[in-house]
Amino acid sequence: MPQRARPQPVPPAPGQESVWDYPRPPRLERTPASLEIWLGGERIACTTEGFRVLETSHPPTYYLAKAAFAPGVLERTPGGSVCEWKGQATYWTLRAGGRVEEEAGWSYEQPTAPFAPMAGYVAVYAGRMDGCHVNGVRVTPQPGGFYGGWITPDVAGPFKGEPGSWGW
């Protein structure tokens, strides 16, 4: 896949954040936003006490406490991966309403010190759910199958994950 040079950030409109103003290494922050996840026609998670991870060129990745998920939705799966910033990732299969999405969620059970407050919180790939919402607004999944950011009208790109963006 051909590499593109660092793109020109889209100037943020009033009330927007530019993902190009987010830091690298990434930053963790609490969010009071209403976060909802739907799968198999059921609302499987809801909270106003989540976290978001902000990283240059990425839309925010939202993490919800396991207690925000309906009972029986999350099933830990074998294996994992490592994030250079957050540490060892654990993967989760999500089940609801007759749908099963293998390894559609991930968490950091023992994250590195800067991310310690989100230990055990779970993020999901929005594109593998029926829908994910921030403050009642349906999100657009971050492009590409590797990243898990949620794009809302509050953020301006372009976003890592688009074709040719691997080297950004």
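Start inside: select I37, I44, F69, L94, V124, M129 and W150, the residues with the most contacts in the largest nonpolar core, which has 23 residues. Keep in mind as you look around that this is a predicted model.

Next, colour the strands that build this core. Strand 3 (35-39), strand 4 (42-47), strand 8 (87-96), strand 10 (122-124) and strand 11 (131-134) each give two or more residues to it.

Now pick F69 and show what surrounds it. Setting aside neighbours within four places in sequence, F69 is in contact with I37, I44, A45, L64, L74, L94, V122 and V124.

Then hop over to V53, F115, A123 and Y125. They are among the 14 residues of a second core, separate from the one you just left. In soluble globular proteins, nonpolar side chains tend to be buried together.

Time to zoom out and switch to a cartoon view. You'll find 15 strands and 0 helices. The radius of gyration is 15 Å, close to the 15 Å that the globule rule gives for 168 residues, so the protein is as compact as a globular protein of that length. Along the principal axes, its C-alpha atoms fill a box of roughly 45 × 30 × 30 Å.

How much of the protein is buried? Of its 168 residues, 50% count as buried. Try drawing contacts too: among those between residues at least 6 apart in sequence, 53% join residues at least 24 apart.

Last stop, the outside. Turn on the surface: about 8,200 Å² is accessible, and 54% of that belongs to carbon and sulfur atoms. Colour by charge and look for 15 positive and 16 negative side chains; the centres of the two sets lie 3 Å apart.

Technical notes. Residues numbered from 1 in each chain as written. Predicted model: local features only at pLDDT ≥ 70, side-chain atom pairs only at ≥ 80, totals over all residues. Heavy atoms only, no water. Helix = DSSP H or I, 4+ residues; strand = E, 2+ residues; numbered from the N terminus. Rg over C-alpha atoms; globule rule 2.2 N^0.38 Å. Buried < 20%, exposed > 50% of the residue type's maximum accessible area, 1.4 Å probe, protein only. Contact = heavy atoms within 4.5 Å. Areas by Shrake-Rupley, 256 points an atom, 1.4 Å probe, with all protein chains shown as cover. Lys, Arg positive; Asp, Glu negative; His and termini not counted. Charge placed at Lys NZ, Arg CZ, Asp CG, Glu CD. Core = buried A, V, L, I, M, F, W, Y, C linked by side-chain atoms within 4.5 Å.
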